[in-house]
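Grab a pencil and work through a few short exercises. Try each one on the structure before reading its solution.

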Amino acid sequence: MIDLNDDTASCSWSHLLEAATENAVTDFEIEFCDSLREKLERFGDSARLTEAQFHKLSCIAQAGEFWERER
């Protein structure tokens, strides 16, 4: 499902996706980034994220404190 909220337009999260891809460690994080990359490729500039997806992407991009990671 595509959330049409303007605050999560692809232009505001594509840079986060790049950072998250570099910082992804767990299988979940890697697969999550891959799925968002596919969404961006499919929908281009009209691609949107839900608030939950944007939050998860931000956590991964900041390289840490995501609950799936072992400490």
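The exercises below use a predicted model.

**Exercise 1.** Work out which helices supply the largest nonpolar core.

*Solution.* Start with the members that touch the most others: of the 13 residues in this core, those are Trp13, Leu17, Ala20, Cys33, Leu36, Leu57 and Ile60. Next, look at the helices: α1 (10-23), α2 (27-43) and α3 (51-61) each put in at least two residues. The biggest giver is α1, with four residues.

**Exercise 2.** Sort the two sides of α2 into buried and exposed residues.

*Solution.* First, the helix itself: α2 has 17 residues and runs 24 Å from its first C-alpha to its last, close to the expected 24 Å. Its buried residues are Glu29, Phe32, Cys33, Leu36 and Lys39. These cover an arc of only 120° around the axis, so they sit on the same side of α2. Now flip to the face turned away from that buried side: there you'll find the exposed residues Asp27, Glu31, Glu38, Glu41 and Arg42. Just past the helix comes Gly44, with a positive phi near 60°.

**Exercise 3.** Find the salt bridge between side chains, and explain how its partners line up.

*Solution.* There's one salt bridge to find. Asp34 and Arg37 form it, at 2.8 Å from N to O. Check the spacing: the two are three residues apart in α2, so about one helical turn separates Asp34 from Arg37. An α-helix has 3.6 residues a turn, so residues three or four places apart point the same way. Finally, check exposure: Asp34 is partly exposed at 33% relative accessible area, and Arg37 is partly exposed too, at 27%.

Technical notes: Residues numbered from 1 in each chain as written. Predicted model: local features only at pLDDT ≥ 70, side-chain atom pairs only at ≥ 80, totals over all residues. Heavy atoms only, no water. Core = buried A, V, L, I, M, F, W, Y, C linked by side-chain atoms within 4.5 Å. Buried < 20%, exposed > 50% of the residue type's maximum accessible area, 1.4 Å probe, protein only. Salt bridge = Lys/Arg side-chain N within 4 Å of Asp/Glu carboxyl O. Expected span 1.5 Å × (residues − 1). Arc of directions from axis to C-beta.
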